[in-house]
Amino acid sequence: MTDEAAPDPTPAAAVDDDLLESTMLDLLGKRAATSSICPSDVARAVGGDDWRALMDDTRRVAWRLVDEGRVRITQGDEAVDRATVRGPIRIRWAKDADVESCAPCRPETGGARSDAG
C-alpha cells in the first residue's frame with residue numbers, strides 16, 4: 001500500500017463509524033481520483049489482525065457515504081445497488097464528489113493525494 005508505518009490497530013470493540021469513515025476517506029485520498037479501495041483495506045488499516053470483525057461495519061459506513069453522495073460502490077466500473085449486489089465490492093469517489101474539499105485528502109491536513117495510484 002504505502003511505505004508509511006501503519007498505525008497501531010484499534011480493537012474491533014473500540015472502533016466507531018467516525019474512525020472507519022475517516023480511514024476510508026484518507027485511503028481514497030491517497031489514491032488517484034479514478035482508483036478504488038476494497039472495504040478490507042479500511043478494515044485492515046483500522047483493525048489489524050482482527051480486521052474481519054470490522055467488515056460489516058465498514059460496508060455499512062461505505063453505504064452511508066453512498067447515501068450522502070460522497071462515494072460510490074462498484075463492481076468493475078459499474079455502480080451497484082445495495083439491494084441486489086452480490087460478491088466483492090470496491091469503493092470509489094462519487095463522480096460528482098468534491099474530492100478537493102475532503103479534509104483528509106488536502107495536503108495541509110496531512111493527506112497526500114496521489115494521481116498515480
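This passage describes the sheet and two of the helices in a predicted model.

The sheet is open and consists of four strands in the order β1-β4-β2-β3, with antiparallel pairing. Strands β1 (36-37) and β3 (78-79) stand at its edges; each has a single partner strand, so one side of each is left without a neighbour in the sheet. Strands of a sheet pair through backbone hydrogen bonds, in either a parallel or an antiparallel manner. Strand β2, residues 71-75, pairs with strand β4, residues 90-93, in the antiparallel sense, and four bridges join the two. Within this pairing, Arg72 has Arg92 of β4 as its bridge partner.

Helix α1 spans residues 17-29. The helix lies across β1, β2 and β4, and runs at about 70° to β4. Thr23 is located in α1. This residue counts as buried because its relative accessibility is 14%, the cut-off for burial being under 20%. Leaving aside residues up to four places away in sequence, Thr23 touches Val42, Ala45 and Val46.

Helix α3 comprises 13 residues, 55-67. From its first C-alpha to its last, α3 reaches 18 Å, which is close to the 18 Å expected at 1.5 Å a residue. Its buried residues are Met55, Thr58, Val61, Ala62, Trp63 and Leu65. These buried residues of α3 pack against two helices, α1 and α2 (39-47), and against strands β2 and β4. Gly69 follows α3 and has a positive phi, near 80°.

Definitions and conventions
Residues numbered from 1 in each chain as written. Predicted model: local features only at pLDDT ≥ 70, side-chain atom pairs only at ≥ 80, totals over all residues. Heavy atoms only, no water. Buried < 20%, exposed > 50% of the residue type's maximum accessible area, 1.4 Å probe, protein only. Contact = heavy atoms within 4.5 Å. Pairing = 2+ DSSP bridges. Axes fitted to C-alpha atoms, helices over the stretch in contact; angles between N-to-C directions. Expected span 1.5 Å × (residues − 1).
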